[in-house]
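Please open the model in your viewer and keep the sequence panel visible. The tour proceeds by selections, each followed by a note on what is found there.

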Amino acid sequence: MSWEMVIGLETHVELQTESKVFCTCKAEFGAEPNTHVCPVCMGLPGALPVFNEQVLHYAAKAGFALNCCVHHRSVFDRKNYFYPDLPKAYQISQFYRPLCENGWLTVQTAAGEKKIGITRIHIEEDAGKLLHDEQNGTLLDMNRCGVPLIEIVSEPDIRSAEEAVAYLRKVRAILTYIGVSDCRMNEGSLRCDVNLSIHQPDEPFGVRTEMKNLNSFQSVERAIKAEYERQIAAIETGEEIVQETRRYDQKTGKTSSMRRKENSADYRYFPDPDLPEVRLTDEQMEEIKAEIPMLPDARREAYMNDYALTAYAAEQLTSERWLADYFEEAAKHAKSAVSVANLLQGEVFAILSAKATEAEKKGTTAPEGVDSLPIHPSHLAKLSDLLVDGRVNSSTGKRILGVLFEGDCDPEAYARQHALFAVSDDSILMETVQQTLAQNPDMVESFRKGKTTVERALMGKAMAATKGKADPERLSKLLRKALEELTK
Ligand SMILES: [Zn+2]
């Protein structure tokens with residue numbers, strides 16, 4: 001039997017506002033514990049919340065960018081539950097009348113384009129953070145209490161781990177394009193809950209389980225695969241799937257039960273009596289819509305048309321706004337946009353991922369976004385031109401790129417200073433070839449006897465004699481010519 005997985009995602013995104021959602025404390029990440037707190041966000045009795053209008057602005061912007069119907073009126077509700085990181089014993093959220101409903105986005109997967117529905121987007125406040133420490137037991141940091149969040153609830157339209165990750169990447173791309181969040185999964189500003197059930201394609205959906213707070217694309221993908229396998233094994237051995245919250249353990253690669261899932265009725269939602277209805281006028285809505293820049297899908301199309309990039313290249317380069325901005329700026333200065341795209345997707349991405357891996361090993365974090373690429377776009381464009389014109393060969397290009405990462409400079413000036421221009425003068429190259437043959441009589445002899453594989457070794461030696469600067473195509477042509485002369 002082939003079981004189909006049915007997935008809906010709940011994505012929590014911290015909004016990048018200066019201050020928290022119901023008080024004036026700073027909302028920044030990474031401050032000393034309990035330094036950004038006040039009676040409101042600590043939930044002291046008698047403190048009254050005041051809604052931060054910037055949050056409404058950002059949440060509505062997210063709604064428009066995700067093709068939602070954004071409502072003129074929405075309402076805050078109290079979601080009642082007890083947990084040590086929630087000092088008020090309720091979270092202010094929107095339940096009955098959320099700000100945004102009925103949106104969608106599209107994803108590209110190996111199977112083609114797919115539209116995924118968005119049920120709703122509502123505003124809520126984040127909870128604090130429990131720090132479990134062996135010496136001191138459990139400590140509570142309330143800096144995160146009251147940091148503004150939007151929760152984006154998808155329709156159960158997702159059918160594979162690949163689609164789930166593509167959906168999250170698209171959410172991240174869109175929200176960073178419009179500048180409402182930095183969407184850093186490693187800092188918790190984008191977190192994801194996965195609801196998953198399985199069924200036979202023509203039958204109703206099965207009972208779903210929920211896996212909470214997954215904080216990397218990789219753990220989302222692995223958790224989905226593990227839970228899918230577990231549910232199949234359970235059903236096929238006659239076990240019943242129960243609605244519950246499960247934890248995904250990265251070490252074992254398995255999910256385990258945490259608690260039976262509450263239903264919304266368990267939270268006793270009711271409208272918050274301390275907060276007035278949230279209102280958005282037509283004018284405000286028009287203002288917000290006008291601020292939305294060209295989004296990833298439109299930009300991808302434009303790259304395919306204007307720069308003749310492949311769909312894959314265009315998708316990669318538009319996945320993050322800083323990257324798309326960087327590419328466009330570099331392409332403006334370069335002779336070939338395709339060459340700039342190749343340089344970015346090839347050598348530049350390789351260096352970035354090596355740096356990220358290295359940082360992970362050391363237990364630090366590599367710079368993200370535009371900070372990760374400390375090379376002026378015009379310099380990358382110049383390097384691309386040097387390669388396009390054959391003035392430096394690809395291995396020298398790689399070497400210069402490494403230098404630019406360590407300390408940005410003009411690649412042409414650097415190549416001149418260090419005599420790195422490709423040697424493409426046939427008379428100089430032929431001289432090198434003749435010298436190489438003269439210095440390696442044994443190899444030449446083997447070639448004469450029919451061992452043609454030594455040609456590669458001779459090519460390596462000739463290339464080394466030019467200190468790697470020869471135009472490889474020309475050098476190889478001349479070497480072949482010289483060897484053919486010898487065997488005539
Ligand atoms: Zn506060």
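The stops below cover two sheets, a helix lying across strands, a loop residue and a pair of helices in this predicted model.

**First stop: the sheet of 9 strands**

Begin by selecting the strands of the open sheet whose order is S2-S6-S7-S10-S1-S11-S12-S13-S14; the pairing in this sheet is mixed. Next, highlight S2 (69-70) and S14 (254-260), which stand at the edges. Each has a single partner strand, so one side of each is left without a neighbour in the sheet.

Within this sheet, select S1 (residues 4-14) together with S11 (residues 190-199). The two strands pair in the antiparallel sense, over 10 bridges. Which residue of S11 stands opposite Glu-4? Selecting His-199 shows the residue in that position.

**Second stop: the helix across the strands**

Keep the sheet displayed and add helix H2, residues 161-177. H2 lies across S1, S6 (100-109), S7 (112-125), S10 (148-154) and S11. Relative to S6, H2 runs at about 115°.

**Third stop: the sheet of 3 strands**

Now select the open sheet with the order S5-S4-S15, in which the pairing is antiparallel. Its edge strands are S5 (90-93) and S15 (270-271), and each of them pairs on one side only. S4 (residues 77-80) and S15 are joined over 2 bridges in the antiparallel sense. To inspect one bridge, select Asp-77 and its partner in S15, Pro-271.

**Fourth stop: Tyr-307**

Move to Tyr-307, in the loop between H5 (296-306) and H6 (311-317). Is this residue buried, partly exposed or exposed? Its relative accessibility is 24%, and Tyr-307 therefore counts as partly exposed. Leaving aside neighbours within four places in sequence, show the residues in contact with Tyr-307: Ala-302, Phe-327, Glu-328, Ala-331, Ala-337 and Val-338. For a sense of scale, select Leu-139 as well: its C-alpha atom is separated from that of Tyr-307 by 54 Å, with their positions 168 residues apart along the chain.

**Last stop: H9 and H10**

Finally, select H9 (residues 377-388) and H10 (residues 394-406). Their axes come within 10 Å and cross at roughly 170°; the two helices are therefore roughly antiparallel to each other. The crossing of H9 and H10 is right-handed.

Display the side chains where these helices meet. H9 contributes Leu-380, Leu-383 and Leu-387, while H10 contributes Ser-394, Gly-397, Ile-400, Leu-401 and Leu-404. By class, this contact has 6 nonpolar residues, 2 polar residues and no charged ones.

Conventions
Residues numbered from 1 in each chain as written. Predicted model: local features only at pLDDT ≥ 70, side-chain atom pairs only at ≥ 80, totals over all residues. Heavy atoms only, no water. Axes fitted to C-alpha atoms, helices over the stretch in contact; angles between N-to-C directions. Helix = DSSP H or I, 4+ residues; strand = E, 2+ residues; numbered from the N terminus. Parallel < 35°, antiparallel > 145°, perpendicular 65-115°, else oblique. Left-handed = near helix turned anticlockwise from the far one by under 90°. Contact = heavy atoms within 4.5 Å. Nonpolar A, V, L, I, M, F, W, Y, C, P; charged D, E, K, R; others polar. Pairing = 2+ DSSP bridges. Buried < 20%, exposed > 50% of the residue type's maximum accessible area, 1.4 Å probe, protein only.
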